[in-house]
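Here are some short exercises to work through with the model open beside you. Try each one before you read its solution.

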Amino acid sequence: MVLNELKERYEKNNEIKFKLFSLEYIIQKVDDKVVIYPLLYSNRKSVYSSLDEVLNYYTIYNESIIENIDRVILL
């Protein structure tokens, strides 16, 4: 359920804010790329070609977001 809402918000706003493991993250669409970074460390931006790549390949504590989708809190 969280996954569907996350994707809907991204499509609508081109940006998502969420919390996972007590850190807040932002996923943004910039030009044709998707950028993700923690709010506290905005200089640590990672760039991917799609939202699905971010969810599958961006790791937090060596686990992908999709593996922890039930722990994601949308802000």
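**Exercise 1.** Find how much surface the chain exposes and what share carbon and sulfur atoms supply.

*Solution.* The chain exposes about 5,000 Å² (Shrake-Rupley method, 1.4 Å probe). Of this area, carbon and sulfur atoms supply 43%.

A word on conventions: this is a predicted model, where local features need pLDDT of at least 70, side-chain atom pairs count only at pLDDT 80 or more, and totals for chains, interfaces and linings use all residues. Residues are numbered from 1 along each chain as its sequence is written, and side-chain values use heavy atoms, leaving out hydrogens and water.

**Exercise 2.** Check the length of helix α1 (residues 2-13).

*Solution.* Begin with the rule: the expected span is 1.5 Å times one less than the number of residues. For the twelve residues of α1, that gives 16 Å. Next, compare the end C-alpha atoms: they are 16 Å apart, which agrees. Finally, look just past α1, where Asn-14 has a positive phi of about 60°.

**Exercise 3.** Is Ser-64 buried or exposed, and which residues does Ser-64 contact beyond its neighbours within four places in sequence?

*Solution.* First, locate Ser-64 in strand β6 (residues 63-64); strands are DSSP runs of E, at least two residues, and helices are runs of H or I, at least four. Then take its relative accessible area, 7%: Ser-64 is buried (under 20%, with a 1.4 Å probe and protein chains only). Lastly, list the contacts (heavy atoms within 4.5 Å): Leu-55, Asn-56, Tyr-58 and Thr-59.

Note on methods:
Buried < 20%, exposed > 50% of the residue type's maximum accessible area, 1.4 Å probe, protein only.
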